[in-house]
Amino acid sequence: MKCCAVICEYNPFHNGHLYQLNRIRELIGCDRIICIMSGDFVQRAEPAIANKVARAKCALLNGADMVVELPLPYAIGSGEMFAKGATEIIKNLPKVDCLAMGCETDDIGALNTLAQIQYEESEEFKKVLDSLLKQGLSYPHSYAAATEKMGEKHGMSSDMSRIILSTPNNILCLEYLKALKRQNINIKILPIKRKENKIYTGENIEITSSSVIRRRLYGDNFNDIFNSIPHSSFAALEHEFSEHLPSKKTYSDIVMYTLRNMSLNEIKALPEVGEGLEYAIDKAVAHVTDINALIAKIKSKRYTESRIKRICMQAVFRQNKSVMSDITQVYSRVLAIKSDFKKYLSALPDVFYIQTNNDESRPKALKEFTELEKQATTLYSIITHNADYTFPPRLVTL
C-alpha cells in the first residue's frame, strides 16, 4: 500500500485543495492520502474559519482517507515549529512514503538547494546574515537576502531565489524540507504547483485562495464563495459559516484581558518573545483596547505582525519556553477516517489516539497535549458562540 501525506489547514477546504488531492492520485497513483491538519487555531495565529471536525469532514468528502491533528503548540508556532510538528507526525505514520506540498514553484531542485543552504547555515551564510541585520533589515528579510546571495554561489539565479523566497507556500515548503533533513526522514517529495485566481470556462468553478474566501465571508458575501469551494464542502460548512463564524472582537477581548493580566516576566517567558520585545508589549497593552491596535503599536522591521499575532495566541494558551522545551514526543488525535481504511488504525503507534482515558498511567506529554486541546475547544466554542461544540471531538467516518 502506498500512502501520501499532505500537511494542511483547509481554512476552509476549497477547489485548489481539491485540485491538489486529485493531482496526487494522478501523478503517483497512491492508494491513500493522509492529511496532517491544524486544529481549531491555525498558523496565522487566528481561530480557524470552521471547527476542526467540520474541516476534517470536508477533507474526507473530497479525497482524503484519514485526517490527523497537528497539535496546538505546533499549529500556532513559527513556520519552523509548524514543520517540525508535522514532519514528526509523518515519521510515525506507517507506510507513508511520499509528502505532497502545495507551492508556487514546483522546481524541486531549486527548492532543495535553498533548503540545504538554510539547513547548513554555513559560516559565510551567518556573516552575510549578520551584515544585513546590522543594516537595519528585519530578520525575515535578512534571512531571505542571505539565502539568495548564497544561492548564487550554488548556481541559482537571483530571480529564481527571489521568487521562491517571497511567496508564503514556497517558504513553508523550505521549512518542511529542512525539518525532514533534521529528523533524517527519507521520503519522496511531490511538489504540486498551486493554481489560484482561475475560473474554468463552462464549469464556473473558481480557484482562489483561502484568505480571499475568508474575506468574503466576513464581508457578508456568503453567496460569493459558492463557486470557490466544492459543493460537498459548502454543504458541510454552511451552518458553521452562517451561524458560527469566529468573532474577531471576542477573540481580541480575550487576548487583551490575558495580556493585561500577565506580568513582565510571564510575557518574557512566551516562546517567541525575545530581544526586549516583552517591554514593548507590556507598555503598549496598557494603552490600547484591541489586538489590531496592539499590533500597529508594536510592529516594526524588527517585530513582524505575524510574530506578534503568534505571541498573542501563545499568551492566551499560557505557553512558555520551558513548556515547549519539555516536549519530547508529539501526540496526534485521529480526527477523521474513511470506513474502508479503518484497519489502518490498528497499525498506528501509540502516539496516535482517538479517545484517551483519564488514568495516571498516561504519559505526561499526552496529558499536556490533551489538556491544551481541551482548552482550545473551550476557547473556540466561546469565540464562535457555539455551546454545542465540546471536548472531546467525535471521530468522523464516511
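This section describes a buried strand, a mostly covered helix, a pocket and the internal cavities of a predicted model.

Strand β5 spans residues 66-70, and 5 of its 5 residues are buried, so the strand is largely enclosed by the rest of the structure. The cut-off behind this assignment is a relative accessible area under 20%. Pairing involves β5 with two partners. Strand β2 (residues 32-38) runs parallel to β5 and is joined to it by 5 bridges. In this pairing, C35 stands opposite V67 of β5. Strand β10 (residues 332-337) pairs with β5 in the antiparallel sense, over 3 bridges, and here M66 of β5 stands opposite I337 of β10. In a regular strand the side chains alternate between the two faces of the sheet.

Helix α2 covers residues 52-61 and is mostly covered, with 8 of its 10 residues buried. The buried residues are K52, V53, A54, R55, A56, C58, A59 and L60; K52 and R55 are thus listed as buried alongside residues such as V53 and L60. At the start of α2, a side-chain oxygen of N51 lies within 3.0 Å of the backbone nitrogen of V53. Just after the helix, G63 adopts a positive phi of about 125°.

The search of the whole structure for enclosed space returned 2 cavities of 30 Å³ or more. The largest cavity holds about 120 Å³ of space. Its lining comprises 16 residues, and E69, L70, P71, L72 and E373 are those nearest the centre. The elements that each supply at least two residues to this lining are β5, α3 (72-75), β10 and α18 (364-383). The buried strand β5 and its antiparallel partner β10 therefore both contribute to the wall of the largest cavity, under the criterion that lining residues have an atom within 4 Å of a grid point. Helix α18 gives the most to the lining, with 4 residues. By class, the lining of the largest cavity contains 10 nonpolar, 2 polar and 4 charged residues.

The second largest cavity has a volume of about 50 Å³. It is lined by P73, V323, M324, I327, A365, E368, F369 and L372. Two or more residues of this lining come from each of α17 (321-326) and α18. As in the largest cavity, where α18 gives the most to the lining, α18 gives the most to the lining of the second largest cavity, again with 4 residues. The lining of the second largest cavity divides into 7 nonpolar residues, no polar residues and 1 charged residue.

Among the pockets, the second largest has a volume of about 480 Å³. A total of 21 residues line this pocket, and E46, Y218, K248, N292 and K309 lie nearest its centre. At least two lining residues are supplied by each of β4 (46-47), α10 (210-218), α12 (248-260), α15 (291-298) and α16 (305-316). The lining of the second largest pocket divides into 8 nonpolar, 4 polar and 9 charged residues.

Terms used: Residues numbered from 1 in each chain as written. Predicted model: local features only at pLDDT ≥ 70, side-chain atom pairs only at ≥ 80, totals over all residues. Heavy atoms only, no water. Buried < 20%, exposed > 50% of the residue type's maximum accessible area, 1.4 Å probe, protein only. Pairing = 2+ DSSP bridges. Polar contact = N/O pair within 3.5 Å; in protein donor to acceptor, adjacent residues only side chain to side chain. 1 Å grid on protein atoms, 1.4 Å probe; cavity = no way out; pocket = protein on both sides within 12 Å on 5 of 7 lines; lining within 4 Å. Points joined across faces, edges and corners; volume = space filled by probe spheres on them. Nonpolar A, V, L, I, M, F, W, Y, C, P; charged D, E, K, R; others polar.
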